[in-house]
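Reader: I have this model open at my bench and would love a friendly guided tour of one part of it. Could you take me through the interior, and then through the spaces and loops around it?

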Amino acid sequence: MKMKQENTDIHMFAPCGMNCIVCYKHCCHKQPCAGCLNSDIGKPEHCRKCRIKDCIKEKGLKYCFECSDYPCKYIKNLEKSYKKRYEASLLENSRFVQAYGLESFMIQQKAKYTCPHCGGIISIHDRACSECQKKMK
């Protein structure tokens, strides 16, 4: 899957701070996941049963950073995992969105996760390009 030329879909920003466009289930599959807040088609089980997504719905919020309990234990645990496994911070993503807006964040992410060789999407999870399969640093 190539990175879209037009502005990136802001609906692919998950409540937790994840950019679903760079998730391996979205960018590296023939039937891509539509993102956290969209259809369950192609979505892994752990995403379909996400406590964070359920919590947001119960509270009537769109993003976790809007919650008075932010960051809660669910976000802290996910943050710890993403920092350790993928060298990425969902808290920093959310702070960026709060400070500069979602469109600016998605533009920044597009620049960061577009393969310089072919224009494919670099997955945050395995650092591989969705098109040429080159591994990035």
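Author: Happy to. Let's start with the largest nonpolar core of this predicted model, which holds 34 residues. Among those members, Phe13, Cys16, Met18, Leu102 and Ile124 touch the most others. Helices H3, H4, H5 and H6 each give two or more residues to this core. As a general background, nonpolar side chains in soluble globular proteins tend to be buried together.

Cys16 is a good place to zoom in. Setting aside its neighbours within four places in sequence, Cys16 is in contact with Ile52, Cys64, Ile75, Leu78, Leu90 and Ser94. Keep Ile52 from that list in view, as it takes us to the next stop.

Helix H3 spans residues 51-59, and Ile52, Lys53 and Ile56 are buried in this helix. These three lie on the same side of H3, because they cover an arc of only 100° around its axis. The general rule behind such a pattern is that an α-helix has 3.6 residues a turn, so residues three or four places apart point the same way. Notice that a lysine, Lys53, is among the buried residues here; buried means under 20% relative accessible area. If you turn to the other side of H3, you will find Arg51, Lys57 and Glu58 exposed. What do the buried residues of H3 pack against? Their partners are helix H2 (45-48) and helix H4 (73-86). Just after H3 comes Gly60, with a positive phi near 70°.

H3 also borders an enclosed space. Searching the whole structure for cavities of 30 Å³ or more gives 1, and the largest cavity has a volume of about 90 Å³. Ile52 and Ile56, which we met as buried residues of H3, both belong to the lining of this cavity. Other residues lining the cavity include Cys55, Lys59, Cys64, Cys67, Cys72, Tyr74 and Ile75. H3 and H4 each supply at least two of the lining residues, and H3 gives the most, with 4 residues. Sorted by class, this lining has 9 nonpolar residues, no polar ones and 2 charged ones. Asp69 and Tyr70 are part of the lining too.

Tyr70 leads on to a backbone feature: the peptide bond from Tyr70 to Pro71 is cis, with omega near -10°. You can find Pro71 in the loop between H3 and H4.

Now for the open spaces. The largest pocket contains about 660 Å³ of space. Of the 30 residues that line it, His46, Cys47, Cys50, Leu78 and Tyr82 are the closest to its centre. Leu78 is a familiar name, since it is also one of the contacts of Cys16. Helix H1 (24-27), H2, H3 and H4 each supply at least two residues of the lining of this pocket. H4 gives the most, with 7 residues. The lining as a whole divides into 18 nonpolar, 6 polar and 6 charged residues.

The second largest pocket has a volume of about 160 Å³. Its lining has 15 residues, of which Ser89, Glu92, Asn93, Gln109 and Lys112 are the closest to the centre. Here the elements that give two or more residues are helix H5 (90-100) and helix H6 (102-112). H6 gives the most to this lining, with 4 residues. By class, the lining of the second largest pocket has 7 nonpolar, 5 polar and 3 charged residues.

To finish, have a look at two backbone spots outside the helices. Glu87, in the loop between H4 and H5, has a positive phi of about 55° although it is not a glycine. Is the residue buried or exposed? Glu87 is exposed, with a relative accessible area of 75%. The other spot is Arg127, in the segment after H6. Its phi is near 60°, again a positive value in a residue other than glycine. Arg127 counts as partly exposed, at 23% relative accessibility.

Note on methods
Residues numbered from 1 in each chain as written. Predicted model: local features only at pLDDT ≥ 70, side-chain atom pairs only at ≥ 80, totals over all residues. Heavy atoms only, no water. Buried < 20%, exposed > 50% of the residue type's maximum accessible area, 1.4 Å probe, protein only. Arc of directions from axis to C-beta. Contact = heavy atoms within 4.5 Å. 1 Å grid on protein atoms, 1.4 Å probe; cavity = no way out; pocket = protein on both sides within 12 Å on 5 of 7 lines; lining within 4 Å. Points joined across faces, edges and corners; volume = space filled by probe spheres on them. Nonpolar A, V, L, I, M, F, W, Y, C, P; charged D, E, K, R; others polar. Core = buried A, V, L, I, M, F, W, Y, C linked by side-chain atoms within 4.5 Å.
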